[in-house]
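Here is a short report for a first look at this structure. It starts with one residue and then widens the view.

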Amino acid sequence: MDDMPANRRLLEAHLLARGYRVCMASGGREALAMASVEPPDMVLLDVLMPDMDGFSVCAAMRALPALRAVPIVMVTTLDAKEDRVRGLDAGADDFITKPLVKEELWARVRSLLRVKTLYDESRRQQQQLASWSTELERRVAEQLAQVQQLSQLKRFFSPALAARLVASGLRDEILNSHRQEVTVLFADLRGFTAFAEQAGADQVMAMLRSFHAAMGELIFQFEGTLERFTGDGFMVFFNDPDPQPDHSLRAVRLALAMQARAAPLLAAWHGRHGPAGLGLGISRGEATVGAIGFEGRLDYAAIGTVTNRAARLCAAAEAGEILACEAAWRSVHAQVTHLPPRIPELRGLPEQMAYPLTGLR
């Protein structure tokens with residue numbers, strides 16, 4: 001920018017000849033307005049202008065965030081030391097003295113534009129890094145939420161099912177209450193309470209850890225949903241959250257596998273007057289299923305008569321016995337063997353037939 005048209009045209013001609021795009025202003029205020037709308041890559045600024053001198057224009061440009069890094073070269077006929085100091089204080093990067101020497105002009109323009117290019121590249125990289133950092137934080141937060149969800153769901157479901165529920169985004173939908181036909185399995189160690197009253201605390205807990213580990217592995221293997229462990233007992237149900245057309249048969253297979261897995265444990269415990277055997281009850285029917293509890297402590301539960309019946313059948317079963325209700329037996333009778341049915345006492349429930357299951361056909 002220069003107040004002399006001839007000087008502006010000469011400077012423009014030099015720059016156009018080198019392939020630069022040039023925008024010209026006849027005064028300081030016009031230059032400020034143009035630079036504010038479209039920040040240039042470099043400013044060649046005359047010191048002597050009618051409306052604002054170059055020092056004032058330079059200082060005003062440096063006050064604008066968009067222009068703080070733009071190289072400013074002051075073009076002047078002045079060569080006094082104090083004017084150069086004043087220009088540097090105002091924010092100028094370099095000086096060119098009139099009359100212009102083309103070689104000097106090209107060298108200074110190339111040098112400062114190279115610095116500007118490096119600055120722009122640095123800013124671009126900083127913005128890209130900031131964008132990557134934001135994206136990384138988002139992904140970490142998302143993965144942390146998934147890990148927390150997965151950890152919560154693994155308390156009820158097999159690891160594979162829990163991972164599938166988290167990946168599908170169905171966690172909240174699954175945890176909502178709903179009605180579903182299920183098969184419920186209750187299991188309980190016979191004689192454990194008497195053993196726990198006379199055994200040492202470490203011995204009791206060690207026995208429970210080995211029992212829970214063995215039974216938990218089987219529950220996940222047969223894709224059951226673990227509602228809870230209750231000391232020496234536990235409750236598992238099938239057909240929720242994943243549909244399982246053979247859910248009663250799965251419960252029977254799990255019960256038989258548990259009896260087989262419990263046998264060596266019971267043999268080892270026998271010498272320490274441990275539990276005498278595992279009793280199991282299996283019941284089929286409709287239940288209300290969903291998450292119960294409060295934030296930070298949720299269980300995934302099946303609630304209804306079907307659950308109560310399974311618990312009562314378990315209580316009525318002898319050590320080593322699997323008692324199934326009639327609905328469960330009817331759905332698997334062609335695939336299982338059983339002893340003659342009997343009518344056990346089921347506290348709080350009407351009399352009904354129970355089937356002692358012994359194996360698979």
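Is E121 buried, partly exposed or exposed? E121 is partly exposed, because its relative accessible area is 32%, and the buried class holds only values under 20%. Keep in mind that this is a predicted model.

**Salt bridges**

E121 has a charged partner. Its side chain meets that of R124 in a salt bridge, at 2.5 Å from N to O. Both residues sit in helix α5, three residues apart, so about one helical turn separates them. R124 is partly exposed too, with 40% relative accessibility.

The whole structure contains 16 salt bridges. Three of the pairs are set out here.

| Pair | N to O distance | Citation |
|---|---|---|
| E121 and R124 | 2.5 Å | salt bridge |
| D188 and R190 | 2.7 Å | salt bridge |
| E38 and R21 | 3.1 Å | salt bridge |

E38 and R21 form a salt bridge, with their closest N and O atoms 3.1 Å apart. This pair links distant parts of the chain, 17 residues apart. E38 lies in the loop between α2 (28–37) and β1 (43–46), while R21 lies in the loop between α1 (5–17) and α2. E38 is partly exposed, with a relative accessible area of 46%. R21 is exposed, at 66%.

The side chains of D188 and R190 also meet in a salt bridge. D188 counts as partly exposed, at 24% relative accessibility. R190 is buried, with a relative accessible area of 16%. Elsewhere, salt bridges with shared partners join E135, R138 and R139 into one network.

**Lysines of helix α5**

Helix α5 covers residues 102–153, and K116 lies within it. Why does K116 count as buried? Its relative accessibility is 9%, and buried means under 20%. Leaving out residues up to four places away in sequence, K116 touches D41, A69, V70 and P71.

K102 is also found in helix α5. K102 counts as partly exposed, at 41% relative accessibility. Together with R18, R110 and R114, K102 forms a positive surface patch.

**The chain as a whole**

The secondary structure comes to 12 helices and 11 strands. The chain has 361 residues, and 42% of them are buried. Its accessible surface is about 19100 Å², and carbon and sulfur atoms account for 55% of that. Consider the contacts between residues at least 6 apart in sequence: 64% of these join residues at least 24 apart.

Notes. Residues numbered from 1 in each chain as written. Predicted model: local features only at pLDDT ≥ 70, side-chain atom pairs only at ≥ 80, totals over all residues. Heavy atoms only, no water. Helix = DSSP H or I, 4+ residues; strand = E, 2+ residues; numbered from the N terminus. Buried < 20%, exposed > 50% of the residue type's maximum accessible area, 1.4 Å probe, protein only. Contact = heavy atoms within 4.5 Å. Patch = residues over 30% accessible without salt bridge, like charges linked within 9 Å, V, L, I, M, F, W, Y side chains within 5 Å. Areas by Shrake-Rupley, 256 points an atom, 1.4 Å probe, with all protein chains shown as cover. Salt bridge = Lys/Arg side-chain N within 4 Å of Asp/Glu carboxyl O. Lys, Arg positive; Asp, Glu negative; His and termini not counted. Charge placed at Lys NZ, Arg CZ, Asp CG, Glu CD.
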